[in-house]
Amino acid sequence: MVVFVDIRNGVFDDSAPPATDVLVLMTVAVNSSCKVALGYFLINGLSGTERTDIIKTCTLKLHDVGVQVISLTCDGPFCHFSMLKQLCACLQGNDFNKF
C-alpha cells in the first residue's frame, strides 16, 4: 500500500510524494480510561518547528473546548528533541526538578 503526504505540500492527489511516516496525536484522560485520536498526519519528514506548530495548534484547540493539557509524551526520534526545546522543555541532566 502506498499513501501520500497530506500535510505541508498543498497537493491532495497522487502527485504528492509518498508518505514515509505518520504523526499521530492523541489525548488520554488522566482521571478515566478515555482516549481520543486528534489527528493522523501522513508525512515525509517534518522539522522540529513544523511539529511544534502542530502541537501548539492542537493544544490551543483543546483549550478552546475546555481540555487542560498537563503533559506531552512522545517517542524517541531525535526530531522530537528540537520540538520539545521550542516548547520550552528543559531536557538537561537527570534532575527531574529541571524538567
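**Close-up 1. V24, a partly exposed residue of strand β1.** In this predicted model, V24 has a relative accessibility of 38% and therefore counts as partly exposed, because that class lies between the limit for buried, under 20%, and the limit for exposed, over 50%. V24 is found in strand β1. When residues up to four places away in sequence are left aside, V24 touches G39 and Y40. The C-alpha atom of V24 is also separated by 7.6 Å from that of L38, although these two residues are 14 residues apart along the chain.

**Close-up 2. A nonpolar patch on the surface.** The view takes in V22, V24, M26, V28 and Y40, which form a nonpolar patch on the surface and together have about 490 Å² of accessible area. Strand β1, which covers residues 21-28, supplies the largest share of this patch, namely 4 residues. One member of the patch is V22, a residue found in strand β1, and V22 is partly exposed, with a relative accessible area of 47%. Another member is Y40, which is touched by V24.

**Close-up 3. The cysteines C34 and C74.** C34 counts as partly exposed at 41% relative accessibility, and C74 is likewise partly exposed, with a relative accessible area of 32%. A disulfide is a covalent bond between the sulfur atoms of two cysteines. A search of the whole structure for such bonds finds 0 disulfides.

Technical notes: Residues numbered from 1 in each chain as written. Predicted model: local features only at pLDDT ≥ 70, side-chain atom pairs only at ≥ 80, totals over all residues. Heavy atoms only, no water. Patch = residues over 30% accessible without salt bridge, like charges linked within 9 Å, V, L, I, M, F, W, Y side chains within 5 Å. Areas by Shrake-Rupley, 256 points an atom, 1.4 Å probe, with all protein chains shown as cover. Salt bridge = Lys/Arg side-chain N within 4 Å of Asp/Glu carboxyl O. Helix = DSSP H or I, 4+ residues; strand = E, 2+ residues; numbered from the N terminus. Buried < 20%, exposed > 50% of the residue type's maximum accessible area, 1.4 Å probe, protein only. Disulfide = S-S within 2.5 Å. Contact = heavy atoms within 4.5 Å.
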